[in-house]
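User: I would like a close look at one part of this model, set in the context of the rest of the chain. Please take it step by step and keep the reasoning explicit.

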Amino acid sequence: MSSIESWGPNTPEASRYLPVDPQTLGMLRIIRIGDVELHLDGHRLLVRGTPVHLPHKEFVILRQLMDNAGRVVTRRELLDNAWGPDRTDARNYLEVHIRRLRTKIESDVHGPTRIRTVRGVGYVFDLPQDDYTDGG
């Protein structure tokens, strides 16, 4: 028996891996919410079908927000994921990167409908309104 098979379901090592449906092997992983597509394997962003340049930190932040769409991601979670838990000086960087992301994916930067600030807590990538009404 391999060491992977010997891991129990409650071991920390086992929780780091997600099972992959055999039908998805060889396919690109894409997070698509509304007209925003984040190609995880190709490190690529498409907005309304148009490729958009995305530096690494913005990719990391956007991925975390889209992975948790509809849920508030705290500033601390975003900072820890993008810069590490020891980087307290990165606080202002997060706001700069969020602002840059908004210019790339929002139709109206001054009235954002995708990345919403939850004052005093963090940010949420909102699901399109029609996703709520369609049940999906």
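Which residue in β7 stands opposite threonine 74?

Analyst: The model is a predicted one, and in it threonine 74 stands opposite glycine 122 of β7. To place that pair, it helps to begin with the strands that carry it and then to follow the packing outwards.

The sheet concerned is an open one of three strands, in the order β5-β7-β6, and its pairing is antiparallel. Its edge strands are β5, residues 73–74, and β6, residues 115–118, each of which pairs on one side only. Between β5 and β7, the latter covering residues 122–125, there are two bridges, and these two strands run antiparallel. As background, the strands of a sheet pair through backbone hydrogen bonds, in either a parallel or an antiparallel sense.

Helix α3, residues 56–67, lies across β5, β6 and β7, and the angle at which the helix runs to β7 is about 65°. Leucine 65 illustrates this packing, since, with neighbours within four places in sequence left aside, leucine 65 is in contact with Val73, Leu78, Ile98, Ile115, Tyr123 and Phe125. One of these partners, isoleucine 98, belongs to helix α5, which spans residues 91–105. Isoleucine 98 counts as buried because its relative accessibility is 1%, under the 20% limit for that class. Beyond its neighbours within four places in sequence, isoleucine 98 is in contact with Ile61, Leu65, Ile115 and Tyr123. The C-alpha atom of isoleucine 98 is separated by 9.7 Å from that of arginine 116, a residue 18 positions away along the chain.

These contacts lead to the largest nonpolar core, which has 27 residues, and in which Leu38, Ile61, Leu62, Leu65, Ile115 and Phe125 have the most contacts. At least two residues of this core come from each of β1, β2, β3, α3, α4 (75–83), α5 and β7. Helix α3 supplies the largest share, with six residues.

Leu38, named among the core residues with the most contacts, leads to another group of strands. In strand β2, residues 36–39, Val36 and Leu38 point one way while Glu37 and His39 point the other way, yet all of them are buried. On one side of the pairing, β1 and β2 run antiparallel and are joined by four bridges. They form a hairpin with two residues between the strands, and glycine 34 in the turn has a positive phi of about 60°. Arginine 32, in strand β1 (residues 30–33), has glutamate 37 as its bridge partner in β2. Their side chains also make a polar contact, at 2.9 Å. Although its partner Glu37 is buried, arginine 32 counts as exposed because its relative accessibility is 55%, over the 50% limit. The C-alpha atoms of arginine 32 and leucine 46, which are 14 residues apart along the chain, are separated by 9.4 Å.

Strand β2 also pairs with strand β3, residues 44–47, in the antiparallel sense and over four bridges, and histidine 39 stands opposite arginine 44 there. This second hairpin has four residues between its strands, including histidine 43 in the turn. Histidine 43 has a positive phi of about 50° although the residue is not a glycine. A further case is arginine 48, also not a glycine, with a positive phi of about 50°, and its place is in the loop between β3 and β4 (50–52). Most residues other than glycine have a negative phi, which explains the attention given to such positions here. Histidine 43, at 34% relative accessibility, counts as partly exposed, and so does arginine 48, at 44%.

The wider frame is a chain of six helices and seven strands, which follow one another along the sequence in the pattern α-α-β-β-β-β-α-β-α-α-β-β-α. The chain has 136 residues, of which 30% count as buried. Among the contacts with a separation of 6 or more, 43% are between residues 24 or more positions apart. The chain exposes about 9100 Å², and carbon and sulfur atoms supply 52% of that area. To return to the starting point, the pair formed by threonine 74 and glycine 122 belongs to the junction of the edge strand β5 with β7, in the sheet across which α3 lies.

Note on methods: Residues are numbered from 1 along each chain as its sequence is written. This is a predicted model: local features need pLDDT of at least 70, side-chain atom pairs count only at pLDDT 80 or more; totals for chains, interfaces and linings use all residues. Side-chain values use heavy atoms; hydrogens and water are left out. Buried means under 20% relative accessible area, exposed over 50%, partly exposed in between (1.4 Å probe, protein chains only). Contact means heavy atoms within 4.5 Å. Accessible areas come from the Shrake-Rupley method with a 1.4 Å probe; for residues, only the protein chains shown count as cover. A polar contact is a pair of N or O atoms within 3.5 Å; within protein, one must be able to donate a hydrogen and the other to accept it, and residues adjacent in sequence count only if both atoms are side-chain atoms. Two strands pair if DSSP finds at least two bridges between them. Axes are lines fitted to C-alpha atoms, for helices over the stretch in contact, and angles run from 0 to 180 degrees between N-to-C directions. A nonpolar core is a set of buried Ala, Val, Leu, Ile, Met, Phe, Trp, Tyr and Cys residues joined through side-chain atoms within 4.5 Å.
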